[in-house]
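Colleague: Got a few minutes to go through this one with me? Let's put it on screen.
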Amino acid sequence: MKLFDPKAYHLHHQRAKKDFQSHSFLFDYVGSELISRLQDFKKDFKKALNLSSRPLPYSSHHHNILEENLPFPEESFDLILNNLQGHWVNNLPGLLKSIHRCLQAEGLFLGALWGGQTLFELRESLLQAELSLTGGVSPRMAPLLHPADAPLLLSSGGFFMPVVDTETIKVSYPSLSSLMKDLRGMGETNKLYDRPKTFTARTLFEKAEEIYHNKFGCSDHKITATFEVIYLTGWKNKKP
């Protein structure tokens, strides 16, 4: 079963490309954090692959196609990076196995993706608003990985010594529309196959903003959005 629509992924990222730098602060921060973690490893990587949607500040081959089976021979790279893209992959276990296949012995996978607490305020506000207005709910936000499930995911992909840690980032916005503008600018809006295909009524967002301010608003009349980052680290074991 496929949750995410690759055509929507491509379209959203194409639309975001022209003004991405104005909304890229989270991608820039997490990407820089990934690269800084490489300094913790006493290893000189010679051939790196970047599977992220955007370039990273590290010399690497950039492959921005969202797919489970990577089009590279076995043991092609000694480092594979993935910055905030894995949460849109329909078969994340399959992708991790493909990454493992493409790594050389003692190669490193270093990735980051959004975790389950990401935008929980927006998720709840939209849900409550739609329930109050229509009596039902639509699939408006993607399901996300829980950090507790990440170590098993890495292990099932074949990775040796998997390490998982998380970081919570809080961002303040003056309004719900400013948050939504940032998400569109990042290319991070709804890509579910079952997403609503018709125009969303303005009243829904007005009700959601009211709920958001009442439940998650700050004393300065701003709203806070939570972004949970899950960092994944895994090695390919030595050959026997």
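Modeller: Sure. Keep in mind that this is a predicted model. Let me begin with the second largest pocket. Its lining residues split into eleven nonpolar, four polar and no charged.

Colleague: How much space lies in the second largest pocket?

Modeller: About 260 Å³. The lining has 15 residues. Nearest the centre are Phe4, His87, Val89, Leu92 and Pro143.

Colleague: Which elements each supply at least two residues of that lining?

Modeller: H3 and S4. H3 covers 92-102 and S4 covers 103-114.

Colleague: OK, now the largest pocket. What volume does it have?

Modeller: About 1000 Å³. It is lined by 38 residues, and the closest to its centre are His12, Met180, Arg184, Thr189 and Asn190. Three elements give two or more residues to this lining: helix H1 (6-17), H4 and helix H6 (176-186).

Colleague: Which of them gives the most?

Modeller: H6, with seven residues.

Colleague: And how do the residues of the largest pocket's lining divide?

Modeller: Into 17 nonpolar, eleven polar and ten charged. For the second largest pocket, recall, the charged count is none.

Colleague: Switching to closed spaces. How many cavities of 30 Å³ or more does the structure hold?

Modeller: Two. The largest has about 70 Å³ of space, and the second largest has about 50 Å³.

Colleague: What lines the largest cavity?

Modeller: Asn82, Gly86, Leu92, Leu95, Leu96, Ile99, Phe109, Gly111, Ala112, Leu113 and Leu232. That makes eight nonpolar, three polar and no charged. Helix H3 and strand S4 each supply at least two of these residues. H3 and S4 also do so for the second largest pocket. Leu92 turns up in the cavity lining and among the residues nearest that pocket's centre.

Colleague: What about the lining of the second largest cavity?

Modeller: Leu51, His63, Ile65, Leu66, Glu67, Leu70, Gln85, Val89 and Leu95. Six are nonpolar, two polar and one charged. Leu95 is in this lining and in that of the largest cavity.

Colleague: Backbone next. What is odd about the phi of Glu106?

Modeller: Phi is positive there, about 65 degrees, and Glu106 is not a glycine. Most residues other than glycine have a negative phi. Glu106 sits in strand S4.

Colleague: Is Glu106 buried, partly exposed or exposed?

Modeller: Partly exposed, because its relative accessibility is 39% and that class runs between 20% and 50%.

Colleague: Where does Leu119 lie, and what is its phi?

Modeller: Leu119 is in the loop between S4 and H4. Its phi is positive too, near 55 degrees.

Colleague: Buried or exposed, that Leu119?

Modeller: Buried. Its relative accessible area is 8%, so Leu119 falls under the 20% cut-off.

Colleague: Last topic, the surface. Which residues form a nonpolar patch?

Modeller: Leu127, Leu131 and Val137. Together they have about 240 Å² of accessible area.

Colleague: Where is Val137?

Modeller: In the loop between helix H4 (120-134) and helix H5 (150-156).

Colleague: Why can Val137 be part of a patch?

Modeller: Patch residues need over 30% relative accessible area. Val137 has 49%, so it clears that bar. It still counts as partly exposed, because exposed means over 50%.

Methods: Residues numbered from 1 in each chain as written. Predicted model: local features only at pLDDT ≥ 70, side-chain atom pairs only at ≥ 80, totals over all residues. Heavy atoms only, no water. Patch = residues over 30% accessible without salt bridge, like charges linked within 9 Å, V, L, I, M, F, W, Y side chains within 5 Å. Areas by Shrake-Rupley, 256 points an atom, 1.4 Å probe, with all protein chains shown as cover. Salt bridge = Lys/Arg side-chain N within 4 Å of Asp/Glu carboxyl O. Helix = DSSP H or I, 4+ residues; strand = E, 2+ residues; numbered from the N terminus. Buried < 20%, exposed > 50% of the residue type's maximum accessible area, 1.4 Å probe, protein only. 1 Å grid on protein atoms, 1.4 Å probe; cavity = no way out; pocket = protein on both sides within 12 Å on 5 of 7 lines; lining within 4 Å. Points joined across faces, edges and corners; volume = space filled by probe spheres on them. Nonpolar A, V, L, I, M, F, W, Y, C, P; charged D, E, K, R; others polar.
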